[in-house]
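Me: I'm new to this and would love some help reading a structure. Could we go through it feature by feature?

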Amino acid sequence: MRFKGRFYLFMIVLIGVVIGAILIMQARKRNAEIQFGSIDADLEVTAAVIRDEMIVMTEQYEKALFQVVEGEVVNNDQLIVQLYKRGYQDDTMITLLNLQKNIYAYQLQLLGGELPPGLVEINSNIAALEEQIRAIAREESELDMLTLEQSLKGLQTERAQLLRDTVQADGSLNAMYEEEASHIATQNSWKLDIRNTAGTGVVSFYFDGYEQVLSVNKLSTINSALVSSVVNGNNTSAATSTTSQEPLYRIINNTHWYIAYVTKSNEPMRLVAGETYYVTFGDYSDTVYTATARATTVSESSVVNVLEFNTDIGKLIGTRVVHATVSKSAQGLVVPISAIEIVDGIPCITISYGDTPLRVEIEILSKDEKRAVIRARNEADTLVAGQKFYKP
């Protein structure tokens, strides 16, 4: 079959139309330009709190008498707790207390009913403290029981010393003193004074089991599975100890702490390392906290975002899971969300580099439902307003 010139002309025109259509489509894909603008963003998250704290461990013990209250600021070498070793029996303490009551009664007998003015005042203060302690036991007072008990012990010690200095001891009283000293020595042989060696900070005796893994020393190993486990309500670790030691107390740096939360890896918005963000915890306070983003950890399906705080943790000091609003206002280069692709876990846009498409990795500083403020992730890449980009 022989073709006429008219056919060839038709084919040339058809090919030209197809090529033109392709060029027009390509031009339309890259006819959008990077704009300049600003966006305010708020992100609601559920996060795990990571405290800057030191855990003090101890051998297993029978009994503990705390010398400071939960949440108190303590210093180095301060007495924190008195421990009684395994095997200790309270009968030894009961025997000592009964003996001291007998000593007190015999001292009063030797005084013959004439009480020194100092003793009257001390007894009055002791009676007042005992009534306050009973009120707490009846749930009629919100005073701190430990503080009152320590004050009571101090007054009892002061009274005992006053009577030793005042009462002329006879043979029976001296024998009681010797017996008391023997019981105190026995008691002290079971007792171990724990003084703080972890520095100045807020003391806490409560543990949720995550202290060892949600640690400032292990930020680089915190993964999305761990954070998700915590924020989904599994806030008590079931891990068993492989040593004979157990946690006794924590010293918390209340002005340095973190929160960590998880976002999906196919979501463009994640924290940008070094950037400042503003965070509120509506369930606890109206305070607006300032935080700095740490480098994110990106896995196949998730991104772990970490914010660092250098301010008083306040009411969050005993909290592990929080609902937070993370806010960011940014001004700069603006592109549509639709122009952003996630490639190997990293947000990218494709720009027109002459006639050649060029993929550029980006960081997203802020975004709303339709647009995002971006910047180049690598210093070697340059993005400017007016630059054309391709829409995926």
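Me: Let's start with the aromatic rings. Which residues do ring pairs link into a cluster with Trp257?

Reply: Rings of Phe, Tyr and Trp count as a pair when their centres lie within 6.5 Å. In this predicted model, ring pairs join Trp257 with Phe281, Tyr289 and Phe309 in one cluster.

Me: How many aromatic pairs are there by this rule?

Reply: The count is nine aromatic pairs. One of them brings together phenylalanine 66 and phenylalanine 205, with 4.3 Å from centre to centre and 50° between the planes, a tilted arrangement. Phenylalanine 66 belongs to strand S3 (residues 63-66), while phenylalanine 205 sits in the loop between strand S7 (201-204) and helix H6 (224-231). The two are 139 residues apart, and the pair links distant parts of the chain.

Me: Is phenylalanine 205 buried or exposed?

Reply: A residue is called buried when its relative accessible area is under 20%. Phenylalanine 205 has 16%, so it is buried. Its partner, phenylalanine 66, has 31% and counts as partly exposed.

Me: Back to the cluster, then. How are the rings of tryptophan 257 and phenylalanine 281 arranged?

Reply: They form a tilted pair, with centres 6.0 Å apart and planes at 45°. Tryptophan 257 is in strand S8 (residues 245-264), and phenylalanine 281 is in the loop between strand S9 (276-280) and strand S10 (288-293), so this pair ties together parts 24 residues apart in sequence. Tryptophan 257 is buried at 1% relative accessible area, and phenylalanine 281 is buried at 1% as well.

Me: Can rings meet charged groups too? Which residue lies over the face of tyrosine 177?

Reply: That is arginine 164, at 3.8 Å from the ring centre. In another case, arginine 250 lies over the face of phenylalanine 207, at 5.5 Å from the centre of the ring.

Me: Now for charges that meet each other. How many salt bridges does a search of the whole structure find?

Reply: To spot one, look for a side-chain nitrogen of Lys or Arg within 4 Å of a carboxyl oxygen of Asp or Glu. The search finds 18 salt bridges. One of them joins glutamate 53 to arginine 51, at 3.0 Å from N to O. Glutamate 53 is buried at 13% relative accessible area, and arginine 51 is buried at 3%.

Me: Which parts of the chain does the pair of arginine 320 and glutamate 211 tie together?

Reply: Arginine 320 is in the loop between strand S12 (302-309) and strand S13 (321-336), and glutamate 211 is in the loop between S7 and H6, so their pairing ties together parts 109 residues apart in sequence. The closest N and O atoms of this salt bridge are 3.8 Å apart, and both residues are buried. Arginine 320 and glutamate 211 also belong to a network of salt bridges with Arg51, Glu53, Asp208 and Arg250.

Me: Is arginine 371 buried or partly exposed?

Reply: Arginine 371 is partly exposed, at 35% relative accessibility. It forms a salt bridge with aspartate 368, whose closest approach, N to O, is 3.7 Å. Aspartate 368 is partly exposed too, at 28%.

Me: Let's turn to a helix. Which residues of H4 are buried?

Reply: A general idea helps here: an α-helix has 3.6 residues a turn, so residues three or four places apart point the same way. In H4, the buried residues are Leu146, Leu148, Leu152, Leu155, Arg159 and Leu163. Their cover includes S3, helix H2 (91-111) and helix H3 (117-137).

Me: How far does H4 reach from its first C-alpha to its last?

Reply: Helix H4 (residues 145-166) has 22 residues and reaches 31 Å, close to the expected 32 Å. At its N-terminal end, aspartate 144 acts as a cap, with a side-chain oxygen 3.3 Å from the backbone nitrogen of leucine 146.

Me: And where is glutamate 130?

Reply: Glutamate 130 is in helix H3 and is partly exposed, at 31% relative accessible area. Its C-alpha is 8.4 Å from that of leucine 148, which is 18 residues away along the chain.

Me: Finally, how many helices and strands does the chain have?

Reply: There are six helices and 18 strands. Of the 392 residues, 36% count as buried.

Notes
Residues numbered from 1 in each chain as written. Predicted model: local features only at pLDDT ≥ 70, side-chain atom pairs only at ≥ 80, totals over all residues. Heavy atoms only, no water. Phe/Tyr/Trp six-rings, centres within 6.5 Å; stacked < 30°, edge-to-face > 60°. Helix = DSSP H or I, 4+ residues; strand = E, 2+ residues; numbered from the N terminus. Buried < 20%, exposed > 50% of the residue type's maximum accessible area, 1.4 Å probe, protein only. Lys NZ or Arg CZ within 6 Å of the ring centre and 35° of its normal. Expected span 1.5 Å × (residues − 1). Contact = heavy atoms within 4.5 Å. Polar contact = N/O pair within 3.5 Å; in protein donor to acceptor, adjacent residues only side chain to side chain.
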